[in-house]
Amino acid sequence: MQAATLPFSSGWLWIQEGAGIFKRQPMAMFFWSLITGFLITIAYLIPLLGQMALIAAMPILTFITLNACRNIVANRTMMPGMWLAPLHDIQARRSLVRLGLVYLVICLLGGLVATLPFLDNLMAAVGADGTISQQDLAGAIRGPFVVFGVLYLLISALFWHAPALMGWHRIKLAQALFYSMVACWRNKWPFLLYGASWGLIFLAVQLAGNMLVAMGLGTGVVQLILTPVNLIIAAILYCSFYPTYMSVFGDSYSTQPTDDAANG
């Protein structure tokens, strides 16, 4: 299986194409962004188990997003019943569940590997009486966060294309992870631009919010303004997942994913 090698500028083109997909059916993707944000909020309200469930569900959520974008590109209006249609395919659903469990395990292992070298520093932040020094804890967790951030780049490369490869093309799990890693490595510079661009976009929104507060607007009002803006930006981010896959693997098969595979 061949993954295309794209120029550096593709990283920004993916974002532009994602914006184009969003413009075709903005309300549909705004709805999906709202639902995804709601699921993330619920997950973080349930300590530990909620976050673990969210991590395990990421391949399924990604696959639903990719299918929605594929329908939009094909000029199919997204109706409520179409969102979960891709999961009606039993084989695809089982593959994505397995992928999610593997993703969870690898993320947990990554967290363990990132934490172990700094365990003494973390324990030192806890006093003999059980009190936690917030200043010491903030310094102690900096190292694990940096190490896990580096590890997560590798984990993301492993799993980035895997949901589509397994859900649409029935690629086995190990092969899907391998193909995804190779594709991301071949396109590391476009992905660097892609990630940096999104980082700057979200930073710009945050700075705009801070500027509005500095101008005298209340925090609640600024939050009210920024909430729909963040949902729209998140929706465009989700839409951009589709071109990152199609531009790399779209011509790798003589037959593209069938409509039945895409719609369940």
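Partly exposed describes a residue whose relative accessible area falls between the limit for buried, under 20%, and the limit for exposed, over 50%. Thr115 has a relative accessible area of 27% and is therefore partly exposed. This report concerns a predicted model, and the terms just given are used throughout.

## Thr115 and the second largest pocket

Thr115 is placed in helix H4. Along the chain, Thr115 and Leu101 are 14 residues apart, and their C-alpha atoms are 21 Å apart in space. Thr115 is also among the residues that lie nearest the centre of the second largest pocket, together with Gly111, Pro144, Phe145 and Phe148.

That pocket holds about 380 Å³ of space and has a lining of 14 residues. Helices H3, H4 and H6 are the elements that give two or more residues to this lining. H4 provides the largest share, with five residues. By class, eleven of the lining residues are nonpolar and three are polar, while none is charged.

## The largest pocket

The largest pocket contains about 1500 Å³ of space. Its lining is made of 44 residues, and those nearest the centre are Tyr103, Tyr152, Ser156, Ala157 and Trp160. Many helices take part: H2 (26-45), H3 (49-73), H4 (90-115), H6 (134-159), H7 (162-169), H8 (173-186), H9 (188-214) and H10 (219-249) each contribute at least two residues to the lining. The lining comprises 33 nonpolar residues, ten polar residues and one charged residue.

The two pockets are set side by side below.

| Pocket | Volume | Lining residues | Classes in the lining |
|---|---|---|---|
| Largest | about 1500 Å³ | 44 residues | 33 nonpolar, ten polar, one charged |
| Second largest | about 380 Å³ | 14 residues | eleven nonpolar, three polar, no charged |

## The salt bridge and Arg170

How many salt bridges does the structure hold? There is one. It pairs Asp89 with Arg170, and the closest N and O atoms of the two residues are 2.5 Å apart. Asp89 belongs to the loop between H3 and H4 and Arg170 to the loop between H7 and H8, so the pair ties together parts that are 81 residues apart in sequence.

Are the two partners buried or exposed, or do they lie in between? Asp89 counts as buried because its relative accessibility is 14%. Arg170, at 35% relative accessibility, counts as partly exposed. The backbone of Arg170 also deserves a remark: Arg170 has a positive phi of about 60°, although it is not a glycine.

## The surface around the H2-H3 loop

Phe38, Leu39, Ile42, Leu45, Ile46 and Leu49 make a nonpolar surface patch of about 590 Å². Helix H2 gives the largest share of this patch, namely four residues. Leu49, another member of the patch, lies in helix H3. Leu49 has a relative accessibility of 61% and therefore counts as exposed, the cut-off for that class being over 50%.

Leu48 is found in the loop between H2 and H3. Leu48 is not a glycine, yet has a positive phi of about 65°. Its relative accessibility is 59%, so Leu48 counts as exposed.

## Two buried residues and their contacts in space

Trp14 is part of helix H1, which spans residues 10-24. With a relative accessible area of 2%, Trp14 is buried. Which residue is 231 residues from Trp14 along the chain, with 9.6 Å between the C-alpha atoms? That residue is Tyr245.

Met78 is located in the loop between H3 and H4. Its relative accessible area is 9%, under the 20% limit, so Met78 is buried. The C-alpha atoms of Met78 and Ala68 are 7.0 Å apart, and the two residues are separated by ten residues in sequence. The loop that holds Met78 also contains Asp89, the salt-bridge partner of Arg170.

Terms used:
Residues numbered from 1 in each chain as written. Predicted model: local features only at pLDDT ≥ 70, side-chain atom pairs only at ≥ 80, totals over all residues. Heavy atoms only, no water. 1 Å grid on protein atoms, 1.4 Å probe; cavity = no way out; pocket = protein on both sides within 12 Å on 5 of 7 lines; lining within 4 Å. Points joined across faces, edges and corners; volume = space filled by probe spheres on them. Nonpolar A, V, L, I, M, F, W, Y, C, P; charged D, E, K, R; others polar. Patch = residues over 30% accessible without salt bridge, like charges linked within 9 Å, V, L, I, M, F, W, Y side chains within 5 Å. Areas by Shrake-Rupley, 256 points an atom, 1.4 Å probe, with all protein chains shown as cover. Salt bridge = Lys/Arg side-chain N within 4 Å of Asp/Glu carboxyl O. Buried < 20%, exposed > 50% of the residue type's maximum accessible area, 1.4 Å probe, protein only.
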